[in-house]
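This report looks at how charged side chains, a pair of helices and a sheet fit together in one structure. The account begins with salt bridges and then turns to packing.

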Amino acid sequence: MPNAPRPPRRVTIPDVARHAGVGQATAARVLGGYGSASAATRERVLAAAAELGYSTNAVARSMISGRTHTLGVVVADVENAYFARAVRGVADVAAKAGLQVVLANSDEDGEKEKAAVQMFVERRVDGLVVAPAAADHEHLDRAVSSGIPVVLLDRALAGADLDTVVVDNRGAAKAAVARLTDDGHRRIAVITSASPADDGTTLAPGADIWTTTERLTGYRQALRAAGIPRTAEVVRHTGYDRAWARSAVLELMTGEDRPTALFTTDNVATLGTLDALLDLGARIPADVSVVGFDDAEWATLIRPRLSVVSQPVQELGGLAADILIRRVNGSTARPRRHTLRTAYVPRESTGPAPARVRRLRAPRE
């Protein structure tokens with residue numbers, strides 16, 4: 001039986017050094033990206049490495065330079081188009097800086113987030129972008145103390161001394177709901193994953209509901225500005241769950257004194273809402289106007305097209321990465337909150353309040 005062929009030997013730094021006619025230390029500096037070498041020497045070493053098929057040993061390089069050239073990203077739901085676009089923004093900026101992105105999903109679970117952050121700390125990523133789900137930030141503070149900077153994306157954490165990249169959620173929601181009150185709607189419901197314990201006067205303690213709590217507060221401010229009393233609020237807390245949102249809207253729209261407009265605070269709530277309205281045979285906007293938060297790609301594919309609050313999602317991710325890379329490179333600027341602007345995009349899902357409210361019947365399940 002013939003002997004099995006031996007695997008090819010890995011090309012080493014000494015091999016590259018001999019081929020380039022330089023010392024091993026010089027070849028190591030050029031290939032490791034640290035120290036100094038003349039342009040001619042660098043060109044000769046890189047040409048030799050390419051000719052021999054040398055590949056950098058990332059572990060060895062990180063031991064020498066103290067850098068792994070990777071960024072860790074922890075988001076709530078990688079299947080959500082919002083976070084997919086945000087991660088794309090992070091990755092594009094990171095790539096331009098020669099960095100790779102490693103992604104983890106928290107499923108809106110604070111303990112999963114903490115485990116992911118710990119994993120990234122142990123792997124010594126150069127920095128972390130986190131869309132927090134945990135209500136506390138001790139695990140993030142520990143990461144920073146270990147030399148790994150952290151930037152928060154999409155959600156703020158009360159008391160955390162960390163760079164944070166968000167939009168003006170409260171102002172955006174207030175402006176969107178004001179469009180509905182301007183159209184004559186007085187019975188406006190909000191479908192939200194904000195905490196049912198929130199009273200609208202303070203931020204909820206958990207990061208996982210901070211964003212939608214701000215949007216809920218904006219909804220309430222718009223009603224007050226239009227002279228609509230607190231007793232006329234219609235709030236349905238559905239968690240981050242499409243099926244719950246669908247059930248809530250089915251119940252809401254088949255009850256007495258149903259709303260003539262619906263405002264949803266995230267894409268998951270929007271999908272559940274539209275699912276319910278389709279099953280009810282509701283005419284949009286003749287029976288009910290709908291405004292969603294975030295301009296997903298499908299918002300213009302459905303009919304009628306959905307009126308939305310549009311967020312600069314990819315720019316949010318890109319800015320978070322840019323701030324983080326500056327931290328990795330030694331920036332000592334005071335951490336601060338960076339707030340990007342949104343835009344209200346009116347489409348065909350909104351219109352004047354109906355003169356007569358048509359009764360809707362629950363579908364047979």
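Which side chain meets that of Lys114 in a salt bridge? In this predicted model, the partner is Asp136, and the N to O distance is 2.9 Å. Asp136 lies in the loop between strand E3 (127-130) and helix H7 (138-145), whereas Lys114 belongs to helix H6 (residues 110-122), so the pair ties together parts that are 22 residues apart in sequence. Both ends of this bridge are partly exposed, Asp136 at 23% relative accessibility and Lys114 with a relative accessible area of 24%.

**Salt bridges**

Side chains of opposite charge can pair when their charged atoms come close. With a side-chain nitrogen of Lys or Arg required to lie within 4 Å of a carboxyl oxygen of Asp or Glu, the count in this model comes to 23 salt bridges. Three of the pairs are set out below.

| Pair | N to O distance | Citation |
|---|---|---|
| Asp15 and Arg18 | 2.5 Å | salt bridge |
| Arg85 and Asp294 | 2.9 Å | salt bridge |
| Asp136 and Lys114 | 2.9 Å | salt bridge |

The salt bridge between Arg85 and Asp294 has one end in helix H5 (residues 81-96), where Arg85 lies, and the other in the loop between strand E9 (289-293) and strand E10 (307-310), which holds Asp294, so the pair ties together parts that are 209 residues apart in sequence. Arg85 is partly exposed at 23% relative accessibility, while Asp294 is buried, with a relative accessible area of 4%.

Asp15 and Arg18, by contrast, sit within one element: they are 3 residues apart in helix H1 (residues 13-20), and are therefore separated by about one helical turn. Within this pair, Asp15 is buried, its relative accessible area being 10%, but Arg18 is exposed, with a value of 59%. Beyond these pairs, a network of salt bridges links Arg220, Arg224, Arg230 and Glu233.

**Packing of H1 on H3**

Two packed helices are described by the angle between their axes and the distance between the axes. For H1 and helix H3 (residues 39-52), the angle is about 120 degrees and the axes are 9 Å apart, and the crossing of H1 past H3 is right-handed. On the H1 side, the contact is made by Asp15, Val16, His19 and Ala20, and on the H3 side by Arg44, Val45, Ala48, Ala49, Glu51 and Leu52. By type, the residues of this contact divide into 6 nonpolar, 1 polar and 3 charged. Asp15 thus appears both in the contact with H3 and in the salt bridge with Arg18.

**The sheet and helix H5**

An open sheet is formed by 6 strands in the order E2-E1-E3-E4-E5-E11, with parallel pairing. Strand E2 (100-105) and strand E11 (337-340) stand at its edges, and because each has a single partner strand, one side of each is left without a neighbour in the sheet. From one strand to the next, the twist averages 20 degrees.

Strand E1 (residues 70-75) runs parallel to E2 and is joined to that strand by 6 bridges; one of the residues involved is Val75, whose bridge partner in E2 is Asn105. H5 packs on the sheet, where this helix touches E1, E2 and strand E4 (150-153), and the direction of H5 makes about 170 degrees with that of E1. H5 is also the helix in which Arg85, the partner of Asp294, lies.

Definitions and conventions
Residues numbered from 1 in each chain as written. Predicted model: local features only at pLDDT ≥ 70, side-chain atom pairs only at ≥ 80, totals over all residues. Heavy atoms only, no water. Helix = DSSP H or I, 4+ residues; strand = E, 2+ residues; numbered from the N terminus. Buried < 20%, exposed > 50% of the residue type's maximum accessible area, 1.4 Å probe, protein only. Axes fitted to C-alpha atoms, helices over the stretch in contact; angles between N-to-C directions. Left-handed = near helix turned anticlockwise from the far one by under 90°. Contact = heavy atoms within 4.5 Å. Nonpolar A, V, L, I, M, F, W, Y, C, P; charged D, E, K, R; others polar. Pairing = 2+ DSSP bridges.
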